[in-house]
Amino acid sequence: MIIHFDKNTDQKTLDKIGWELDAFHIKKPDYHVMVTPSALQEVPKEYQSMVVESFVFPNDMQLSSAEYLPEKRRIDIGDISIGGNTRNTMIIGGPCSVESEEQITSSAKLMKELGISTLRAGCYKPRTSPYSFQGLGDEGLRLLDKMRGEYGLNIITEVRDSTHVDEVIETTDIVQIGAKAMYDQGILRTCGRSNKPILIKRGFGTTLQEFVQAAEFVLSGGNDNVILCERGIRTFETKTRFTLDLCGVAYLKEYTNLPIIVDPSHAMGYRYGVPDLARAATAMGVDGLLIEVHPDPSVAKSDASQQLDHDAFRQLIGTLRPIADAIGYHIV
């Protein structure tokens with residue numbers, strides 16, 4: 001249950017309510033928000049005189065629910081915005097990993113050339129083998145920061161674990177919580193205490209409710225800037241890396257108030273299918289696409305098979321713009 005209390009409610013009373021109702025407290029300019037477990041379906045009588053408004057839910061998808069906020073949340077990222085009534089589809093492009101200054105500079109120049117706003121690359125790689133490339137770590141983060149300064153791009157990279165979450169929050173414009181880390185409550189709660197945009201990727205074995213409830217960890221900490229990212233789920237099919245769940249995207253658009261980004265690269269796992277999936281997602285009116293692109297995919301140190309080369313990425317962006325235009329969206 002979400003309960004809005006009068007802004008003049010004193011702190012001692014709010015603490016008492018929070019303790020008695022096992023609730024999260026979020027302070028807003030015009031009221032106080034208390035978020036209780038969804039099992040609570042009625043405001044206790046002793047508090048009803050202090051309540052401005054209340055909302056009940058069938059499950060713990062509450063702050064993220066379209067029943068709570070019918071309009072999609074607007075998130076400002078540098079000079080651009082997504083969500084709300086912006087009708088922007090933000091392209092996040094770049095290699096799977098920062099590998100060298102030369103490589104990431106080439107990627108930054110490509111984004112600038114195409115008018116793309118946001119550069120991505122992994123610095124702390126959550127690999128499934130300890131013998132695979134683990135990322136450049138802090139040096140990769142420094143290079144991304146340098147690209148932002150030189151090319152005016154927003155930057156996003158992934159938090160692998162709690163050892164560097166503060167550094168990523170401090171440095172990037174968007175913090176990515178990957179499919180493997182989305183259950184890490186330490187990372188989620190730390191991001192909840194920030195006001196940075198947080199992009200949460202769906203785990204490949206995660207139900208939609210579990211996915212959205214991961215977002216609730218961040219939202220209930222007071223951070224309103226949460227973005228969901230569908231990146232494919234594991235099914236019985238083995239011919240593609242994962243299965244892109246566009247049905248799930250439709251569900252999230254209908255029942256949540258969070259912007260939604262689609263990652264066709266990780267879903268498909270092979271570059272030949274990435275453009276078609278990107279176009280299909282664009283036609284759905286999503287708030288962004290995350291697409292991996294490398295100056296020379298044949299020598300990429302991670303996820304080489306799913307990264308487009310620069311020419312293929314240029315061609316793809318050229319086909320996305322008319323699709324976005326046709327449904328009243330803008331590629332940014």
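**Strand pairing, helix packing and cores in a predicted model**

Strands β2 (residues 24–27) and β3 (residues 31–35) run antiparallel and are joined by 4 bridges. The structure described here is a predicted model. A hairpin of 3 residues connects β2 to β3. Within this pairing, His 25 has Met 34 of β3 as its bridge partner.

The loop ahead of β2 was examined next. Asp 22 sits in the loop between α1 (11–21) and β2. Its phi is positive, about 55°, although Asp 22 is not a glycine. Most residues other than glycine have a negative phi. Asp 22 counts as exposed because its relative accessibility is 58%, and the threshold for exposed is over 50%. A positive phi also occurs at Asp 303, again not a glycine, with a value of about 45°. Asp 303 lies in the loop between β14 (288–292) and α10 (310–326).

Helix packing was analysed for α2 and α3. Helix α2 spans residues 101–114, and helix α3 spans residues 138–151. Their axes come within 10 Å and cross at roughly 35°. The crossing of α2 past α3 is right-handed. On the α2 side, the contact is made by Glu 101, Ile 104, Thr 105, Ala 108, Lys 109 and Lys 112. These meet Arg 142, Leu 143, Leu 144, Lys 146, Met 147 and Tyr 151 of α3. By class, the residues of this contact comprise 6 nonpolar, 1 polar and 5 charged.

Attention then turned to the nonpolar interior. The largest nonpolar core holds 73 residues. The members that touch the most other members are Ile 177, Cys 191, Ile 200, Leu 289 and Phe 313. Helix α6 (residues 208–219) supplies the largest share of this core, with 7 residues. Another core lies apart from it and has 14 residues. Among them are Ile 75, Ile 80, Ile 92 and Ile 261.

The surroundings of Phe 313 were listed without its neighbours within four places in sequence. On that basis, Phe 313 is in contact with Ile 91, Gly 93, Leu 110, Met 111 and Leu 114, among others. Its partners also include Ile 116, Ile 291, Val 293 and Leu 308. Leu 110, Met 111 and Leu 114 fall within the span of α2, residues 101–114. Ile 291 falls within β14 (288–292). Phe 313 itself falls within α10 (310–326).

Notes:
Residues numbered from 1 in each chain as written. Predicted model: local features only at pLDDT ≥ 70, side-chain atom pairs only at ≥ 80, totals over all residues. Heavy atoms only, no water. Axes fitted to C-alpha atoms, helices over the stretch in contact; angles between N-to-C directions. Helix = DSSP H or I, 4+ residues; strand = E, 2+ residues; numbered from the N terminus. Left-handed = near helix turned anticlockwise from the far one by under 90°. Contact = heavy atoms within 4.5 Å. Nonpolar A, V, L, I, M, F, W, Y, C, P; charged D, E, K, R; others polar. Pairing = 2+ DSSP bridges. Core = buried A, V, L, I, M, F, W, Y, C linked by side-chain atoms within 4.5 Å. Buried < 20%, exposed > 50% of the residue type's maximum accessible area, 1.4 Å probe, protein only.
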